[in-house]
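Reader: Hi, I have a structure open and I'd like to go through it with someone. Could you take my questions one at a time?

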Amino acid sequence: MRDAAPQTIRLADYTPYPFRIDHVELIFSLAPTATRVLSTLKVTPLQPGTDMRLDGEDLLLIRAAIDGAPVSVTPDATGLTVPAALLPDGPFTWECEVQIAPAENTALEGLYMSKGMYCTQCEAEGFRKITYYPDRPDVMAPFDVRILAAEDGSTPVLLSNGNPTGHGRWTDPWPKPAYLFALVAGDLVSVDDSFTTRSGRDIALRIWVRPGDEGKCAYAMDALKRSMRWDETEYGREYDLDIFQIVAVDDFNMGAMENKGLNIFNSKYVLASPETATDRDYELIEGIIAHEYFHNWTGNRITCRDWFQLCLKEGLTVFRDQQFSGDMRSHAVKRIDDVLMLRARQFREDAGPLAHPVRPEEYIEINNFYTATVYEKGAEVIGMLRTLIGPEAYRKGCDLYFERHDGQACTIEDWIAVFEDATGRDLSQFKLWYSQAGTPRLDVAEAFSDGTYTLTLRQETPDTPGQTDKAPQVIPVTVGLLGRDGRELAPSTTLELTERTQSFRFDDLPERPVPSLLRGFSAPVILRHEVSREDQLLLLAHDTDPFNKWEAGRSLAKSTLIAMVTEDTAPSEAFLDALTTVAGDASLDPAFRALALALPSEDDLAQTLHASGVTPDPDAIHAARQSLTRAIAAHAEPTLSALYDTMAVPGPYTPDAKAAGRRALRGTALRLLSERDNGDRARAQFLSADNMTEQLAAFSALLIIGQGSAAVGTFYEQWHEDRLVMDKWFALQVSLAPPEKAVRACKALAAHADFDWKNPNRFRSALGALTMNAAGFHNPSGEGYELLADWLIRLDPVNPQTAARMTTAFDSWRRYDTNRQRLIKMELERIAATPGLSRDVTEMVGRILAA
Ligand code: 0A1
Ligand code: ZN
């Protein structure tokens with residue numbers, strides 16, 4: 001049981017742990033409802049005379065001893081305190097045995113069971129559900145683990161961190177915090193490979209899966225080897241144990257976890273075959289395998305002092321995985337994808353009641369802070385730092401970071417200091433990116449006379465919960481200038497905006513230029529710049545910066561859609577022509593063209609309308625988007641039809657970026673053409689596809705035009721035994737349903753025999769998908785809100801973490817009309833009033849309601 005009154009934890013209150021843990025030994029005797037955990041800690045008091053507090057939750061204490069002598073201690077709801085009077089002044093051995101029930105652990109935190117397999121998730125504070133321990137990241141120790149198999153014979157494979165030292169025995173020599181502990185036991189099979197490090201050490205690589213899934217690990221293994229090599233060449237980081245293992249589990253709250261030497265993955269980010277996984281799945285597998293592997297240095301060897309420093313490992317590791325994916329595929333396409341995601345999730349978060357700094361200063365439940373702000377904005381901050389100091393100085397600073405802090409639990413101050421030391425530059429203003437929440441807005445004014453072009457930038461960051469009057473930040477603004485004929489007059493240069501308002505001059509220009517601002521999206525800001533349609537068309541046609549070329553098209557699409565919503569205007573021919581030209585431009589990467597043809601999401605439009613003072617109407621937004629889609633399809637039909645034929649990828653499926661890009665463009669063409677051919681091409685492709693990317697593109701196109709019912713049945717027959725594919729079947733039927741049918745579709749699927757609501761992937765594929773169907777979720781009757789609230793109330797006692805994450809669907813409630821606001825508020829209050837509500841959901845709902 002947890003505390004009745006949850007405490008607010010504050011960064012300002014940090015104090016070091018008054019004991020050092022010199023060694024940890026754990027012995028597990030596995031049993032579904034009565035697992036015994038014997039832990040033996042070698043402890044050195046650092047401040048003799050201090051009580052020893054150990055965290056522990058939901059544990060049954062069997063016995064405890066100090067230096068072999070039994071001690072009597074009384075646990076409370078969150079742990080136990082050993083009074084100083086019972087402790088020696090010098091080093092001592094603490095021993096305790098507890099009993100836990102992994103089969104009853106539905107929260108998937110601590111030691112739990114997934115389909116008969118034992119596995120753990122300890123980040124952030126799950127280790128305290130395994131044994132009494134100082135469960136905080138700044139307590140680092142080497143671990144020895146021994147696992148005794150379950151008596152029912154269900155666990156032939158016994159895994160933990162580090163190197164194997166016998167059956168079920170593992171030694172991890174690298175001191176680590178408890179959140180990186182892992183144990184896996186079950187009937188698993190492995191796919192094996194090896195990797196030779198640059199210094200010539202042979203590392204065994206093993207991916208563990210359930211029998212039958214061995215054939216779906218090849219891509220993950222390949223991605224792992226490429227990640228290992230990349231970290232050596234790009235960051236000089238070599239792997240440091242004799243073995244690296246990955247386990248795929250079906251029941252997992254998040255994407256994956258970087259436990260030392262034993263990463264545990266949500267199976268959707270490991271298992272792939274051409275028939276069952278889409279190009280997007282392959283891309284995510286590559287990125288997440290890399291992410292978890294890169295944590296070995298950024299997170300594990302150097303970890304966080306406390307959870308306020310979460311972005312120290314997450315922002316940096318996301319930045320590293322983004323660099324890796326860009327190197328493996330296309331930097332331009334990767335950047336556009338990353339910015340799309342940043343705007344959809346992080347800008348949305350920053351604009352609402354859940355806005356918080358990249359390094360928060362207080363929390364109630366740390367699990368609620370694994371957010372887009374900590375991860376994605378955290379990565380943007382690293383990217384800006386690299387842009388400001390340059391790639392060589394960035395590498396020098398990173399080298400210094402690894403050299404200076406290896407084996408330590410660090411802070412953002414430590415991270416910033418290595419770059420100050422490596423460059424001699426004062427980064428104190430830059431640090432504001434970590435402490436000030438909110439997305440800065442950049443207003444742009446221009447002047448031109450006598451060959452001199454003056455750009456005046458003004459920055460302003462809106463108020464966010466608990467923060468007003470923000471100071472100007474350092475904003476790198478990469479700029480290029482184009483002439484009227486599209487030629488580049490001034491190549492990219494990065495301006496450093498440090499004042500509230502600042503002007504920058506460009507001399508000796510032959511004419512008034514068209515500026516290409518914020519190239520490569522050089523800072524996570526909202527640019528407010530009045531650009532004429534002619535200039536935008538010019539940038540779309542000629543900008544040499546691929547990000548801004550795409551951005552010009554996106555801005556045109558967005559202003560077209562906004563005008564359609566607010567003024568009921570028709571899209572301009574010039575815009576439709578320009579889009580058609582880009583679609584058919586064979587000199588451009590097909591993946592880029594697919595992105596250029598994609599329209600802003602309904603949520604993005606709602607966010608934009610709200611920011612400009614207009615109350616968004618989800619139905620009107622949906623209708624406008626649908627009507628623009630039809631207009632593009634009609635206008636570009638011959639081009640799209642040709643693309644559909646020429647972009648077909650011959651030969652067997654390969655997941656590489658080139659083939660995936662062609663399929664993406666062909667899929668986009670198919671979607672648009674379905675508006676013209678009544679789904680004929682899609683029906684044919686659905687039946688003939690030999691890979692999931694093409695089958696799903698066809699299935700989606702049919703669902704969107706309301707012609708999907710036959711395909712729904714066929715797809716189910718074909719795939720009902722494959723859990724990951726069935727997740728897609730659930731999700732698409734809800735997210736692509738016509739708005740008026742979305743809630744009904746979601747309800748029907750939640751009543752389906754295959755709806756296993758305790759499995760987070762499946763829960764998200766029905767309820768999460770509803771929140772993605774903007775107009776369906778925001779149905780003015782409020783039935784979407786009610787359905788989600790019903791399910792969150794039901795899920796909360798079972799899995800508070802997953803329930804809490806999904807409350808974010810309500811965080812935009814203040815955007816909407818008074819009727820919708822009233823309906824959402826009612827549901828939030830209903831959730832808040834639920835007896836016994838978890839700390840996780842209580843905190844989230846409280847913050848959302850405080851808007
Ligand atoms: N550190 C992992 C993410 C993660 C965080 C929390 C978890 O359970 C509460 C699980 C995974 C990563 O960044 O991949
Ligand atoms: Zn991570």
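Author: We can talk through the metal site, some helix packing and a few single residues.

Reader: Is there anything I should keep in mind before we start?

Author: Please keep in mind throughout that this is a predicted model.

Reader: Okay, metal first. Which protein atoms are the donors of the zinc ion (ligand 2)?

Author: The zinc ion (ligand 2) has His-291 and His-295, each through NE2, and Glu-314, through OE, as its protein donors, and these lie 1.9 to 2.1 Å from the ion. Along the chain, the donors follow the spacing H-x3-H-x18-E. In that pattern His-295 and Glu-314 are 19 residues apart and link distant parts of the chain, since His-295 sits in the loop between helix 2 (279–294) and strand 21 (303–304), while Glu-314 belongs to helix 3 (residues 310–328).

Reader: And what geometry does the site of the zinc ion have?

Author: The site is tetrahedral, with 4 donor atoms and angles of 98 to 127° among them. For comparison, the ideal angle for four tetrahedral donors is 109.5 degrees.

Reader: Are His-295 and Glu-314 buried or exposed?

Author: His-295 counts as buried because its relative accessibility is 0%, and Glu-314 counts as buried as well, with a value of 1%. The cut-off behind the word is a relative accessible area under 20%.

Reader: Changing topic to helices. How do helix 4 and helix 12 pack?

Author: Helix 4 (residues 331–350) and helix 12 (residues 590–597) have their axes 10 Å apart and pack at an angle of about 30°. Angles under 35 degrees count as roughly parallel, and helix 4 and helix 12 are therefore described that way. Their crossing is left-handed. On the side of helix 4 the contact is made by Val-333, Ile-336, Asp-337 and Leu-340, and on the side of helix 12 by Ala-591, Phe-592 and Leu-595.

Reader: The numbers on helix 4 seem to jump by a few each time. Why would residues three or four places apart point the same way?

Author: An α-helix has 3.6 residues a turn, so residues three or four places apart end up pointing the same way.

Reader: What about helix 16 and helix 18, how do their axes cross?

Author: The axes of helix 16 (residues 657–677) and helix 18 (residues 692–704) cross at roughly 20° and come within 9 Å. That angle makes helix 16 roughly parallel to helix 18, and the crossing here is right-handed. Helix 16 makes the contact through Arg-663, Arg-666, Gly-667, Leu-670, Arg-671 and Ser-674, and helix 18 through Thr-693, Glu-694, Ala-697, Ala-698, Ala-701 and Ile-704.

Reader: Now helix 9. Which of its residues are buried?

Author: In helix 9 (residues 533–542), the buried residues are Asp-535, Gln-536, Leu-538, Leu-539 and Leu-540. Their cover includes strand 26 (475–482), strand 29 (514–517), helix 10 (546–567) and helix 11 (573–584).

Reader: I didn't expect a glutamine in that list. What is Gln-536 in contact with?

Author: If we leave aside its neighbours within four places in sequence, Gln-536 is in contact with Val-531, Ala-552, Ser-555 and Leu-556. Gln-536 counts as buried because its relative accessibility is 12%.

Reader: One more topic: the backbone. Where is the cis peptide bond that involves Ala-124?

Author: The cis peptide bond joins Glu-123 and Ala-124, with omega at about -5°. Ala-124 is in the loop between strand 10 (117–121) and strand 11 (141–148). As background, most peptide bonds are trans, and most residues other than glycine have a negative phi.

Reader: So which residue has a positive phi although it is not a glycine?

Author: One of them is Asp-469, with a phi of about 50°, and another is Asp-568, whose phi is near 60°. Asp-469 is placed in the loop between strand 25 (452–460) and strand 26, whereas Asp-568 is in the loop between helix 10 and helix 11.

Reader: Are Asp-469 and Asp-568 buried or exposed?

Author: Asp-469 counts as exposed because its relative accessibility is 74%, and Asp-568 is exposed too, with a relative accessible area of 69%.

Definitions and conventions
Residues are numbered from 1 along each chain as its sequence is written. Chains are lettered from A and ligands numbered from 1 in the order in which they are written. This is a predicted model: local features need pLDDT of at least 70, side-chain atom pairs count only at pLDDT 80 or more; totals for chains, interfaces and linings use all residues. Side-chain values use heavy atoms; hydrogens and water are left out. Donors are N, O and S atoms within 2.8 Å of the metal (3.2 Å for Na, K and Ca); water is not among the atoms, so sites may look incomplete. Four donors count as tetrahedral if all angles lie between 85 and 135 degrees; four count as square planar and six as octahedral if opposite donors are over 155 degrees apart and all others between 65 and 115; anything else is irregular. Helices (H or I, at least four residues) and strands (E, at least two) are DSSP runs, numbered from the N terminus. Buried means under 20% relative accessible area, exposed over 50%, partly exposed in between (1.4 Å probe, protein chains only). Axes are lines fitted to C-alpha atoms, for helices over the stretch in contact, and angles run from 0 to 180 degrees between N-to-C directions. Angles under 35 degrees count as roughly parallel, over 145 as roughly antiparallel, 65 to 115 as roughly perpendicular and the rest as oblique. A crossing is left-handed if the near helix is turned anticlockwise from the far one by less than a right angle, and right-handed if clockwise. Contact means heavy atoms within 4.5 Å.
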